[in-house]
Amino acid sequence: SGEADVVVGGGIEEASAIVERRLATIYRRLSEIEKESIEMPRPRAEGAGVVVFEAEDVARGRGARVLAEVTACLSWREGDGAPLASLTEPSDMSTARVMMPRSGDADLAALLDASAWKDVERVSCDGAGGEHEALGAIAIGAAASEILRGAVKEALIVGLAKGRGYALRLESRC
């Protein structure tokens, strides 16, 4: 967007009973929270992930290999209709992937099904690493890895958090 030449983002989560109780309010309906036992719908894990985005001239200036370009960055709040409607379809469905931090999200699936990316293979990043707050950064890293190894030319990283959503489209420059 031109606001900064370098942006660093990420998350880290240490497993703890306090965190479990606090995050239960995000992952469970209030009626379930009021029961005697507060349990998360999936086992949570410890995890960390960090990503760095640089302006192309800054990256090239320090001799870095530019892997991909961010060609779309969307964010929305719950109730914003069809937030992915502005996305154009990938140039080649066979070399595109949708990277999702969490699997099994019906709301996210519905948004994708109403988009130009509805027929693109979807990959979730929570299977091996468990549920934690850094999955978005891990999904971005997984997309970059797929681009680097040549398996993907375009990736859409999309996720939902309580009342909000985001999508980031990366296109290969390798």
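How many disulfides does the structure hold? The structure holds 0 disulfides. The legends below describe close-up views of a predicted model.

**View 1. Cysteines Cys-73 and Cys-125.**
A disulfide is a covalent bond between the sulfur atoms of two cysteines. The model contains 0 such bonds. Cys-73 is exposed, at 61% relative accessible area. Cys-125, in contrast, is buried, with a value of 12%.

**View 2. The salt bridge between Arg-173 and Glu-69.**
Side chains of opposite charge can pair when their charged atoms come close. The whole structure contains 8 salt bridges. One of them joins Arg-173 to Glu-69, with 2.5 Å between the closest N and O atoms. Arg-173 belongs to the segment after β7 (164-172) and Glu-69 to strand β3 (residues 68-77), so the salt bridge ties together parts that are 104 residues apart in sequence. Both ends are partly exposed: Arg-173 has a relative accessibility of 37%, and Glu-69 has a relative accessible area of 36%.

**View 3. The salt bridge between Arg-97 and Glu-121.**
The closest N and O atoms of Arg-97 and Glu-121 are 3.2 Å apart, and the two residues form a salt bridge. This pair links distant parts of the chain, 24 residues apart: Arg-97 is in strand β4 (residues 96-100), and Glu-121 is in the loop between α4 (106-113) and β5 (122-124). Arg-97 counts as buried because its relative accessibility of 14% falls under 20%. Glu-121 is partly exposed, at 45%. Arg-97 also has a place in the strand pairing, where its bridge partner in β6 is Ala-155.

**View 4. The network of Glu-154, Arg-169 and Glu-171.**
Glu-171 and Arg-169 form a salt bridge whose closest N and O atoms are 3.5 Å apart. Through salt bridges that share partners, Glu-154, Arg-169 and Glu-171 are joined into one network. Arg-169 is buried, with a relative accessible area of 5%, whereas Glu-171 counts as partly exposed at 21%.

**View 5. Strand β6 and the strands paired with it.**
Strand β6 covers residues 154-161 and is mostly covered, with 6 of its 8 residues buried. β4 and β6 run parallel and are joined by 4 bridges. β6 and β7 run antiparallel, with 8 bridges between them. Within the β6 and β7 pairing, Gly-159 has Tyr-166 of β7 as its bridge partner. The hairpin of these two strands has 2 residues between them, and Gly-163 there takes a positive phi near 80 degrees.

**View 6. The surroundings of Trp-76.**
Trp-76 is a residue of strand β3. Its relative accessible area is 9%, and Trp-76 is therefore buried. Neighbours within four places in sequence aside, Trp-76 is in contact with Pro-83, Leu-84 and Leu-111, among others. Its contacts also include Val-158, Gly-159 and Leu-160, along with Gly-163, Arg-164, Gly-165, Tyr-166 and Ala-167. Of these, Gly-159 and Tyr-166 are the bridge partners shown in View 5. Trp-76 and Leu-160 are 84 residues apart in sequence, with a C-alpha to C-alpha distance of 9.4 Å.

**View 7. Thr-95 in the loop between β3 and β4.**
Thr-95 lies in the loop between β3 and β4. This threonine is buried, with a relative accessible area of 17%. With residues up to four places away in sequence not counted, Thr-95 touches Ala-151, Val-152, Lys-153 and Glu-154. Glu-154 is also a member of the salt-bridge network in View 4.

**View 8. Ser-115 and the backbone of Leu-112.**
Ser-115 is located in the loop between α4 and β5. A polar atom of its side chain lies 2.8 Å from the backbone oxygen of Leu-112. Ser-115 is buried, at 5% relative accessible area.

**View 9. Confidence of the prediction and residues 33-38.**
The protein has a mean pLDDT of 82, and 79% of its residues reach 70 or more. Over residues 33-38, pLDDT stays under 50. For this stretch the model has 6 contacts beyond four places in sequence.

Definitions and conventions:
Residues numbered from 1 in each chain as written. Heavy atoms only, no water. Salt bridge = Lys/Arg side-chain N within 4 Å of Asp/Glu carboxyl O. Buried < 20%, exposed > 50% of the residue type's maximum accessible area, 1.4 Å probe, protein only. Polar contact = N/O pair within 3.5 Å; in protein donor to acceptor, adjacent residues only side chain to side chain. Disulfide = S-S within 2.5 Å. pLDDT = per-residue confidence, 0-100. Contact = heavy atoms within 4.5 Å. Pairing = 2+ DSSP bridges.
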